[in-house]
Amino acid sequence: MAIKLKPVFTLLAGITFLYACQPGKNNGDAQNFKKGTFGYDLNFLEKNDSVVVLQSEDGLAKVIISSKYQGKVFTSTANGDTGKSFGWINYKAFSAKIDPHMNAYGGEDRLWLGPEGSKFALFFKPGTKMEFANWHTPAAFDHESWNLVNKDGKQVILSKNMSLLNYAGAKLDLKIQRIISLLDQADIQKYLDVQPDSMVKSIGIKTENAITNTGTAAWTAHTGTPCLWNLDMFTPSPGVIVVIPYNENVQGKVATTDYFGQIPPDRVIYKHGHLFFKADGKSRGKLGMPATRTKTIAGSYDAAGNVLTLITFSVDPRIPYLNQEWRTDKDPLVGDAANAYNDGPLADGSQMGPFYEMESVSPAAFLQPGEKLSHQHCIFHFTGDKTGLNKIALKTLGVSLKEIEAAFQ
């Protein structure tokens, strides 16, 4: 089932704004909140950053946004400070030295630029072999701070100017802007065409991401071009399963499942227009789905935590999507619009997480100087009465919670 993204131009009523760094805005110190709660993560982040918090009028739906940490949506909750914190945060990264490859602070939604690999890669210098030793996340969206342009009770606007060199040797001068909004209950209903019952708590976050060519040269199929890339990091459990509905009446494979080695068949399966992917944080693997297959929505269900998570995103199959694989022997203009990643131990036994990700990517930004491309990406969480959650899953993903739980049985 395709979900239409409906632009919202009305004021988001019932949302208030807080500066989390101000005294008295949060009840108690970190030790007063259990790890895994929103209050615990808010207190932790306040020690490292003057974060911005948006919250609903009743104080239940809350989201933490950071300009210091690359315009991230760090985490959110649907049930106040003592409620579950939905985003994955890598606590140890905040006190560590800058890592030359990647600084994984975590975050429920971060914005990267692609492509990661291919002839137009942004993560490898020209002429280097595409292997981990040469893989470096550009500092501008890895560990540098971003500009807080504006904030009010409805949204936060952030920006960052960048100058990047791609694998083809082209210099890309650009500006990124992010508008992050906390959606009220009426807007959640509009976006998903659902009406959660009173026994279900929910939160919706909309991100509007834009890239502008600020240089003097056009970005073309010869020079290479970037794309916008939203990545959402969540905490796994043994029962988390990602669900990606897809169009069945399309030629070609449903998904690329060998980004980091082939995902075993007991971890990814296809049933009646739905891809199911185990996201338990125990086996490293990434998959991607092309724009022609994608239905602008993906989700996950955490049976242990009783949380249904959805992401919706804009897709335009008329424009090429960029290949992001660590190789140069494939067409750089044939890539994926949606991705999912499950973290797991590396060959040496070490592990960054565990966490899992759901991701969306914009089309290639073939822009003349001064032109802009936008990409919308939204995150929704629902928790509470399982019957109510099941209705939402059926309406949005086209599959029941029972079917999701039984997918690998």
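Modeller: Buried means under 20% relative accessible area, exposed means over 50%, and partly exposed lies in between; please keep in mind that this is a predicted model.

Colleague: Why does Asn339 count as buried?

Modeller: The relative accessibility of Asn339 is 5%, and since the word buried applies under 20%, Asn339 counts as buried. Asn339 lies in strand β17, which covers residues 338–342.

Colleague: What makes the approach of the Asn339 side chain to the backbone oxygen of Leu287 a polar contact?

Modeller: The side chain of Asn339 reaches that backbone oxygen of Leu287 at 3.2 Å, and a polar contact asks for a pair of N or O atoms within 3.5 Å, one able to donate a hydrogen and the other to accept it. Leaving aside neighbours within four places in sequence, Asn339 is also in contact with other residues, including Tyr259, Lys286, Gly288, Glu357 and Val361.

Colleague: Which residues have the most contacts inside the largest nonpolar core, and why is such a set called a core?

Modeller: Those with the most contacts inside it are Ile65, Val242, Ile244, Leu275, Phe277 and Leu287, in a set of 37 residues. The set is called a nonpolar core because its members are buried residues of the nonpolar kinds, joined through side-chain atoms within 4.5 Å. Phe277 touches, among others, Val242, Ile263, Leu287, Tyr341 and Phe408, not counting residues up to four places away in sequence. Apart from this core lies another, of 33 residues, among them Ala104, Leu111, Phe141 and Leu367.

Colleague: How do you know that Lys190 and Asp187 form a salt bridge?

Modeller: Their closest N and O atoms are 3.9 Å apart, and because the cut-off asks for a side-chain nitrogen of Lys or Arg within 4 Å of a carboxyl oxygen of Asp or Glu, the pair qualifies as a salt bridge. Lys190 and Asp187 are separated by about one helical turn, because they are 3 residues apart in helix α3. Lys190 counts as partly exposed at 41% relative accessibility, whereas Asp187, at 2%, counts as buried.

Colleague: What makes the side chains of Glu405 and Lys386 a salt bridge, and which helices do they lie in?

Modeller: The N to O distance between the side chains of Glu405 and Lys386 is 2.9 Å, which is to be set against the limit of 4 Å, and the pair therefore counts as one. Glu405 lies in helix α5 (residues 401–405) and Lys386 in helix α4 (residues 386–396), so the pair ties together parts that are 19 residues apart in sequence. Glu405 counts as partly exposed at 30% relative accessibility, and Lys386 is partly exposed as well, with a relative accessible area of 40%. In total, the structure holds 15 salt bridges.

Colleague: What is the phi of Thr296, and why is Thr296 called buried?

Modeller: Thr296 has a positive phi of about 65° although it is not a glycine. Most residues other than glycine have a negative phi. The place of Thr296 is in the loop between β14 (285–289) and β15 (297–302), and with a relative accessible area of 15%, set against the cut-off of 20%, Thr296 is buried.

Colleague: Where is Asp193, and why is Asp193 called partly exposed?

Modeller: Asp193 lies in the loop between α3 (185–192) and β9 (200–213), and its phi is near 60°, a positive value in a residue other than glycine. The relative accessible area of Asp193 is 45%, and because partly exposed stands between the limits of 20% and 50%, Asp193 is described as partly exposed.

Key:
Residues are numbered from 1 along each chain as its sequence is written. This is a predicted model: local features need pLDDT of at least 70, side-chain atom pairs count only at pLDDT 80 or more; totals for chains, interfaces and linings use all residues. Side-chain values use heavy atoms; hydrogens and water are left out. Buried means under 20% relative accessible area, exposed over 50%, partly exposed in between (1.4 Å probe, protein chains only). Contact means heavy atoms within 4.5 Å. Helices (H or I, at least four residues) and strands (E, at least two) are DSSP runs, numbered from the N terminus.
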